[in-house]
Amino acid sequence: MNKIDIVVTTNFGLEAITKRELLALGYEDLRVFDGKIEFKGCLRDIAILNLNLRTAERVLINLASFKATTFEELFNKTFEIDWKELIPVDGNFIVQGRSVKSKLFSISDCQRITEKAIITKLQETHKISWFEKSGDRYRLEVSLFKDIATITLDTSGDGLHKRGYREASYKAPIAETIAAALVILSYWNPDRMLCDPFCGSGTIPIEAAMIAKNIAPGLMRKFDSENFFFMDENFYKEEKKACYERIDYEKKLEIYASDISSAAISIAKNNAELLGLEDDITFFEKDVREIDLPDEYGVIITNPPYGIRIGVEDAPELIRELGKLYRTIPTWSVYAITADEDFEKQFGKKCDRKRKLYNGRIKTDYYQYYGPKPEKK
Ligand SMILES: C[S@@+](CC[C@H](N)C(=O)[O-])C[C@H]1O[C@@H](n2cnc3c(N)ncnc32)[C@H](O)[C@@H]1O
């Protein structure tokens, strides 16, 4: 496998930010679509991407794309793929399916036909009649869109939002990938103070600290492709080593994270400790109404409670409180993600910019209030 077709999937709304990450990693000729970015690469790139991408959801290899309006076409084209190069004799392969605006609309039938074609081909090449599937996982997907079938192999396994540090979470946690995107989209830089007054499990401050110290998001977890039989085991070893070498252990940070719930603070502290970030983030229990911040060009990035997810009665009132806090710190910038469409009304000011993002399936907006540029000291 020299050149491979790579597909990086993202949450809707994050494509441009993931593209920015890919460009920063040195990738070129990127084709951006809704929810995915495609480009050419090699197997080492699979390790690089899984370990380093902060805002992407999965890294897939596109094995084939073809027109399929009948099950026979789907079977034959799937059969043509050289499966023995992809799945070992004991490989635990599973086929997932999707179909949108296509003649082959029954997802379970598409999955069944695709799996049958793979098994028939592997039976020929491996000369066995029964697949125990007792080995490593190979997640495949057949997805039909307007009669074009695409067969992909998922190299990530669990979604990339699972970093491995959030062993526990408090109510309504934000996805780690989105939290990272919020930080990247803000004008915060690691020399400025950062505060999240509704920190819950600590996802936003933890992602910010990881970005500031250049800690690769994939260092604490495993990826399915680490065990793929065609993957050179040195790729992950070498790329992990390179990630460790890039960590800026010395970077001093001023990150404050608070929440009204002591349970949330204890979970957030534990999560930060798992990454060795306990000295970089100051966690404390506090009602947003009592927060007192120095007027020093800091940045608030936060995810206030909203009704849909945790049934909070006083969610609008808490946004009013956030607005009040903002008016006491005129040099600060405030960034808030919420599904509450009346946010600006409660907050008491129109934002400078609003950006639509999806937190899972929930449509949210990212409200951005830019403070003045810090004065040079
Ligand atoms: C949407 S959650 C934040 C989730 C967080 N971003 C995470 O990833 O876990 C909102 C948080 O606001 C907290 N909260 C509710 N009322 C509060 C108040 N009056 N002051 C401070 N925090 C409050 C809740 O305890 C909850 O953890």
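Biologist: What makes the approach of S201 to the ligand a polar contact?

Modeller: A polar side-chain atom of S201 lies 2.7 Å from an oxygen atom of the ligand. A polar contact is a pair of N or O atoms within 3.5 Å (within protein, one must be able to donate a hydrogen and the other to accept it, and residues adjacent in sequence count only if both atoms are side-chain atoms), so the S201 pair meets the cut-off. This is a predicted model, in which local features need pLDDT of at least 70 and side-chain atom pairs count only at pLDDT 80 or more, whereas totals for chains, interfaces and linings use all residues. Residues are numbered from 1 along each chain as its sequence is written, and side-chain values use heavy atoms, with hydrogens and water left out.

Biologist: Which backbone atoms lie at 3.2 Å and 2.9 Å from a nitrogen atom of the ligand?

Modeller: A backbone N or O atom of I260 is 3.2 Å from a ligand nitrogen, and for V288 the corresponding distance is 2.9 Å.

Biologist: Which residues come nearest among the 21 around the ligand?

Modeller: I174, S201, T203, D259 and V288 come nearest; a residue is counted here if one of its heavy atoms lies within 4 Å of the molecule.

Biologist: Why is the pair of R44 and E238 called a salt bridge?

Modeller: The closest N and O atoms of the two side chains are 2.6 Å apart. A salt bridge requires a side-chain nitrogen of Lys or Arg within 4 Å of a carboxyl oxygen of Asp or Glu, and therefore R44 and E238 qualify. By this rule the count comes to 29 salt bridges, and three are found between domain 1 and domain 2.

Biologist: What does the pair of E238 and R44 tie together?

Modeller: E238 lies in helix α7 (residues 233–246) and R44 in helix α2, so the pair links parts that are 194 residues apart in sequence. Helices here are DSSP runs (H or I, at least four residues), as strands are (E, at least two), numbered from the N terminus.

Biologist: Where are the bounds of domain 1 and domain 2?

Modeller: Domain 1 covers 4–154, and domain 2 covers 176–214 + 223–369; such bounds come from an automatic or database domain assignment.

Biologist: How much area do domain 1 and domain 2 bury between them?

Modeller: They bury about 2700 Å², 62% of it on carbon and sulfur atoms. Buried area is the accessible area (1.4 Å probe) that two parts lose on being put together, summed over both. R44, L51 and R54 supply 26% of the area that domain 1 buries against domain 2, more than any other three residues.
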